Amino acid sequence: MEQNTTQSRRERYLTFFLGDEQYGIAIDRIKEIIAMMKVTQVPKTPHYMRGVINLRGSIIPIVDTRLRFGMEIREPDMHTAIIIVEVEKVNVGFIVDRVEEVASIDSAHLSEPPKFGSHIDTDFICSMAQIEENVVMILDVLKLFEADELLSLEQIQQKQISEGE
């Protein structure tokens, strides 16, 4: 009897909410999840950059994911969390409304994101998944930033580290 060599794999994703929409990030990108804490603003950064936090001696740039996605700002509540993700060797915190769960998704249940035309940038969505009745947008955190923005994140982190010495 011949084995089926095209078996699908199960991938694990941390899922979270921004408003009513559910998103996911590959679990291997996640460093940790922390409660919302005081963010120190850094001048002359993009509007969605909330600033930096000092997490056990490490300076972490913080992105307000709602602002990055063009959503309205929302006051943090008891469910607001910061997901620390490694992006090009720089740890970056993403503020989310609520962390949901770690979901194991069969790769056969992942589909291509819809294309909305050349004027709408959805490159940061690498796939879509169905979890129960929800559609989850799986994010490519690297594509949430342009190359120069990644450099800025690294510079923010380095500047804060050198000022702290």
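**An aromatic cluster, a sheet and salt bridges**

Phe-16, Tyr-23 and Phe-69 form one aromatic cluster. The model is a predicted one.

Student: What is the angle between the planes of Phe-16 and Tyr-23, and how is the pair classed?

Tutor: A pair of aromatic rings is described by the distance of the centres and the angle of the planes. For Phe-16 and Tyr-23 the centres are 5.8 Å apart and the planes are at 20°. Planes under 30 degrees apart count as stacked. The angle is 20°, and the pair is stacked.

Student: Which parts of the chain does the pair of Tyr-23 and Phe-69 tie together?

Tutor: Tyr-23 and Phe-69 form a tilted pair, 5.3 Å centre to centre with 45° between the planes. The two parts are 46 residues apart in sequence, because Tyr-23 and Phe-69 lie in different elements: strand E2 (residues 21-26) and the loop between helix H1 (65-68) and E6.

Student: Is Phe-69 buried or exposed?

Tutor: Buried means under 20% relative accessible area. Phe-69 has 19% relative accessibility, so Phe-69 counts as buried.

Student: In what order do the strands of the open sheet lie, and which are the edge strands?

Tutor: The open sheet has 5 strands with mixed pairing, in the order E3-E6-E7-E5-E4. An edge strand pairs on one side only, and this holds for E3 (30-35) and E4 (49-55). The order is E3-E6-E7-E5-E4, and the edge strands are E3 and E4.

Student: Which residue in E7 stands opposite Glu-86?

Tutor: Strand E6 covers residues 81-87 and strand E7 residues 90-96; the two run antiparallel and are joined by 7 bridges. The residue in E7 opposite Glu-86 is Asn-91.

Student: How many residues apart in sequence are the parts that Arg-56 and Glu-32 tie together?

Tutor: Side chains of opposite charge can pair when their charged atoms come close. Arg-56 and Glu-32 form a salt bridge, with the closest N and O atoms 2.6 Å apart. Arg-56 lies in the loop between E4 and strand E5 (58-64) and Glu-32 in strand E3, so the parts they tie together are separated in sequence by 24 residues.

Student: Is Asp-64, which meets Arg-50 in a salt bridge, buried or exposed?

Tutor: The side chains of Asp-64 and Arg-50 meet at 3.4 Å, N to O. Arg-50 is partly exposed at 22%. Asp-64 has a relative accessible area of 3%, so Asp-64 is buried.

Student: Which residues do salt bridges with shared partners join into one network?

Tutor: One salt bridge is formed by the side chains of Arg-74 and Asp-77, at 2.6 Å from N to O. Through shared partners, the network consists of Arg-66, Arg-74, Asp-77 and Asp-97.

Definitions and conventions: Residues are numbered from 1 along each chain as its sequence is written. This is a predicted model: local features need pLDDT of at least 70, side-chain atom pairs count only at pLDDT 80 or more; totals for chains, interfaces and linings use all residues. Side-chain values use heavy atoms; hydrogens and water are left out. Two strands pair if DSSP finds at least two bridges between them. Helices (H or I, at least four residues) and strands (E, at least two) are DSSP runs, numbered from the N terminus. Rings of Phe, Tyr and Trp (its six-membered ring) pair if their centres lie within 6.5 Å; planes under 30 degrees apart count as stacked, over 60 as edge-to-face and the rest as tilted. Buried means under 20% relative accessible area, exposed over 50%, partly exposed in between (1.4 Å probe, protein chains only). A salt bridge is a side-chain nitrogen of Lys or Arg within 4 Å of a carboxyl oxygen of Asp or Glu.
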